[in-house]
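Thank you all for coming; I would like to walk you through one structure this morning, going from the whole chain down to a single residue. Please have a look at it with me before I start.

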Amino acid sequence: IDPKQSDQLVRAMVGLPHGSGKKVRIAAFVGDEHVTEAKKAGADLVGNKDLIEEIKKTSKCDFDVAIATPDMMKELAGIARILGQKGLMPNPKTGTITTKVTQTITELKQGKISFKNDSFGNIHVIIGKVSFTPEQLKENYEAFVAALKAAKPEAKLKANYLQALYLSTSMGPSVKVSL
């Protein structure tokens, strides 16, 4: 892909069968009618205007993913700069603006990850941990590659869509995977 072309961006979400192995902290910006629902689903921070005011005062975001209901997006405008710089602003493309609060929180807790290309056309994503069994890693890998192929841009690409794929531990050497 050419990352400078807006019609050739790769961005999607995939639910990994065995999760990513990473514990995700979720903040839910929901209306009063969804607060108990979000807490039951497992959100770490739940609130509306009070949570927004707290973030506005402290500028601290102690969470990995923010979800919001459509009616709360107007309220989030006050902290859009804080959330946006950290890549936490809810977005319909990543499925974090939703009316199905319980379902979204459950999926994120079970290992739903989002991925997008960087400025060089590469995609970096965590598909598991070293403690996973080879079968678990293989299933997560296959789910990710299927989602990556499904996220192929409609624009005409000049070369192969997937040119190379590498697996590595965080600070370890990489291993090339044959396509």
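Let me begin with a term: a residue is called buried when its relative accessible area is under 20%. Please keep in mind as well that what you see is a predicted model. With that cut-off, 37% of the 179 residues of the protein chain count as buried.

As for the overall build, the protein chain has 6 helices and 7 strands, and if you follow the sequence from its start, these elements come in the pattern β-β-α-β-α-β-α-α-α-β-α-β-β. The C-alpha atoms fill a box of roughly 50 × 40 × 30 Å, taken along the principal axes. If we take the contacts between residues at least 6 apart in sequence, 62% of them join residues that are at least 24 apart.

Turning to the outside, the accessible surface of the protein chain is about 11300 Å², and carbon and sulfur atoms account for 51% of that. There are 26 positive and 19 negative side chains, with the centres of the two sets lying 5 Å apart.

Now to the single residue, threonine 98, which sits in the loop between helix 4 (80–85) and helix 5 (101–110). Is threonine 98 buried or exposed? Its relative accessibility is 11%, and therefore threonine 98 counts as buried. Leaving aside residues up to four places away in sequence, threonine 98 touches Ala68, Thr69, Pro70 and Thr104. With threonine 104 there is also a polar contact, side chain to side chain, at 3.4 Å.

Key: Residues are numbered from 1 along each chain as its sequence is written. This is a predicted model: local features need pLDDT of at least 70, side-chain atom pairs count only at pLDDT 80 or more; totals for chains, interfaces and linings use all residues. Side-chain values use heavy atoms; hydrogens and water are left out. Helices (H or I, at least four residues) and strands (E, at least two) are DSSP runs, numbered from the N terminus. Buried means under 20% relative accessible area, exposed over 50%, partly exposed in between (1.4 Å probe, protein chains only). A polar contact is a pair of N or O atoms within 3.5 Å; within protein, one must be able to donate a hydrogen and the other to accept it, and residues adjacent in sequence count only if both atoms are side-chain atoms. Contact means heavy atoms within 4.5 Å. Accessible areas come from the Shrake-Rupley method with a 1.4 Å probe; for residues, only the protein chains shown count as cover. Lys and Arg count as positive and Asp and Glu as negative; His and the chain ends are not counted. The place of a charge is taken as NZ of Lys, CZ of Arg, CG of Asp or CD of Glu.
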